[in-house]
Every structure is written in structure tokens, then in C-alpha cells.
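Work through the exercises below with the model open beside you, and try each task before reading its solution.

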Amino acid sequence: MNEILKELAYCVESGKIDKASPYPPALKGKNGADELAKEALDNGIKPDQILEHALIPAMAVVGDRFSKKEIYVPQMLMSAKAMNSAMKHLKPFFQSGETKRKGKFIVGTVAGDLHDIGKNLVAMMIEGGGWEVIDLGVDVGTEKFLKAVEENPGAVIGLSALLTTTMENMKKTVAALKAKHSELKILVGGAPVTQEYCDKIGADFFSPDPQGAVDYLKQFAG
Ligand code: B1M
């Protein structure tokens, strides 16, 4: 693999955002994901190659380590931030349509629920997996999900809930979405959500962590 891409992947894996970032201490003063992504583009490496050969594999390593409990939320957030600092250089190419994404993923935390740390991690990992993410935020009512689905045909949808009380709203949203769009694929997650609950409310897939969500989406990649 190209040296710049190797270094960029390592920065994302270890959470090195940019040169000024003191974390991780071993890389202090060195270029981070921000500078390396720009350097890669300046060297003529295509945005999709940067994504495919550096960012996506690095985030897969991060997701795997997180699933195995080798790293925890703070390290994962640093990696996601490093990934975002690289993505900001690539986004203009994706937004212009010059480089193709794998598909669209609409995500939100259900009505009444303000927890977004887990949802954001899932969104960042999926974006790192090469998807365009439409993040509707927190406290998202059924109507807002429906509108987003109608504006983005073919998108896969993800619902997050952190409260036992708001799981009921997840159920209502799934029912309303499925009633209007039976073909829609719905992924659910969040601390109180289980496989059993997913089956009960008629969602398509439950993932306990971001990597499981990334893996689930692979089958729908265009
Ligand atoms: Co709240 N809170 N909170 N809280 N909060 C919990 C969830 C709680 C378990 C704490 C407790 O009592 N022990 C409890 C829920 C109890 C229950 O319902 N069973 C609780 C409560 C009660 C409340 C309030 C009601 C408190 C109050 O005001 N009396 C209130 C509700 C506000 C509201 O939402 N309407 C409230 C408020 C808050 C804060 C605003 C202060 C803050 C949220 C800040 C924010 O998100 N921006 C907060 C926090 C931080 C927590 C705890 C401490 C941490 C949650 C978190 O971010 N975890 C939490 C206790 C705990 O978990 N220790 C707690 C880290 C995050 C990475 O994990 O979100 O599970 P998680 O996401 C995981 C997976 O679940 C999965 O991937 C992530 C990474 O592995 N995942 C998905 C998540 N979404 C997914 C979607 C997918 C796939 C996977 O596909 C779409």
C-alpha cells in the first residue's frame, strides 16, 4: 500500500486527528489524518482510493477492537474524529458526484430520546464505511423519518433508542415506516434494544455495536 495511505490508516486507527493534536502521545508533533488526507489528494490519489484503502479498513479495525472490548468509547471517538478530519477533504468530491458512495443511510434517535453518543458513533462508522449518512439528530418523530425516506428512495434506515420508555416510540416508528414502505430495511440499536425486541417490532436487523451495523449494510452496497 502507498506510504501516505498507510500512515493515514494508522492515524485513524490510533485517533491522531491533526498535527496539533496531542493524542496519542507517541505521535505528538507528527502529521495527523487531516494533513495526510490532503497530502494524499495533492499526490493525485483519488478520493475513493483514500476511502477504500485507508479510511474504511482503519475504521473496520477500530470497530473490531471496540467489539472485542480492546478499546473503549473515548478511543473510538478519537478515531471517528480523525476519520472526520480526513473526510472533510474528501466530501467535496463525493458531494459533487465525482466519486460514488455505496448508498444512503438515514439515522436518528427516536422521539423523546436525547441520547446521541452511540447513534453518532454508528453514523461515523457507517460514513467511514463509504456510505452517505443523513443524520436526522435526536428526538426524531415518525413524520421526520417518513419525510427523509421519501426524499431518499433506496436508503437504509437506522433507529437508536437509549431509554426503555422511548423504545415504545421505536416500535411506533417502525410500524409506520413499514406500513408505507414495506420494502424498507430498518436497522435498530441502543443499549436497551435486543434481538428479541427487534423481532417483536418487525425491524430487519439488530446490532449491539457500530461494526455490526457496518457489516449489515454491506449486502446493500451499490
Ligand atoms: Co441518560 N440514561 N438520561 N443521559 N444516560 C441512561 C441511558 C441510563 C441507562 C442511566 C441510568 O439510569 N443508569 C438511563 C436509562 C434507563 C432506562 O431507560 N432503562 C438514563 C436516563 C434515565 C436518562 C434521563 C431520563 C435522566 C433524567 O433526566 N432523569 C434523561 C433522559 C433525556 C432524554 O433522552 N429525554 C437522560 C439524559 C442524559 C444526558 C442528556 C445527560 C446524557 C446524554 C448525552 C448525549 O447523548 N448527548 C445521558 C447519558 C450520557 C447517559 C449514559 C450515562 C451514557 C449513554 C451513552 O452515551 N453511552 C447512560 C448510562 C450508561 O449507559 N452508562 C444513560 C455510550 C454509548 C456509546 O453507548 O448509546 O449504548 P450506547 O450506544 C452503543 C450501542 O448501544 C450501539 O452502538 C453504540 C456503541 O457500541 N448503538 C447502536 C446505539 N445506537 C445504535 C443504533 C444502531 C446500532 C447500534 O443502529 C441504528
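**Exercise 1.** In this predicted model, determine the handedness of the crossing in which α1 passes α2, and then find how the two helices are oriented to each other.

*Solution.* Viewed as a pair, α1 passes α2 in a left-handed crossing. The next step is to take the axes of α1 (residues 3-14) and α2 (residues 33-42), which come within 9 Å and cross at roughly 155°. Angles over 145 degrees count as roughly antiparallel, and α1 and α2 are therefore roughly antiparallel to each other.

**Exercise 2.** Identify the protein donor of the cobalt atom of the ligand, and locate that residue in the fold.

*Solution.* Begin at the metal: the only protein donor of the cobalt atom is His 115, through NE2 at 2.2 Å. Then place this residue along the chain, where His 115 sits in the loop between β1 (104-109) and α5.

**Exercise 3.** Describe the shell around the ligand, first by residue class, then by secondary structure, and finally by backbone contacts.

*Solution.* The ligand is surrounded by 26 residues, and the closest are Leu 114, His 115, Asp 116, Ser 160 and Thr 164. Sorted by class, the shell comprises 14 nonpolar, nine polar and three charged residues. Turning to the elements, α5 (117-128), β3 (156-160) and β4 (186-189) each contribute at least two residues, while α5 gives the most, with four. Lastly, a backbone N or O atom lies 2.6 Å from a ligand oxygen atom in the case of Leu 114, 2.9 Å in the case of Thr 164, and 3.2 Å in the case of Ala 191.

Conventions: Residues numbered from 1 in each chain as written. Predicted model: local features only at pLDDT ≥ 70, side-chain atom pairs only at ≥ 80, totals over all residues. Heavy atoms only, no water. Near = heavy atom within 4 Å. Polar contact = N/O pair within 3.5 Å; in protein donor to acceptor, adjacent residues only side chain to side chain. Nonpolar A, V, L, I, M, F, W, Y, C, P; charged D, E, K, R; others polar. Donors = N, O, S within 2.8 Å, 3.2 Å for Na, K, Ca; no water. Axes fitted to C-alpha atoms, helices over the stretch in contact; angles between N-to-C directions. Parallel < 35°, antiparallel > 145°, perpendicular 65-115°, else oblique. Left-handed = near helix turned anticlockwise from the far one by under 90°.
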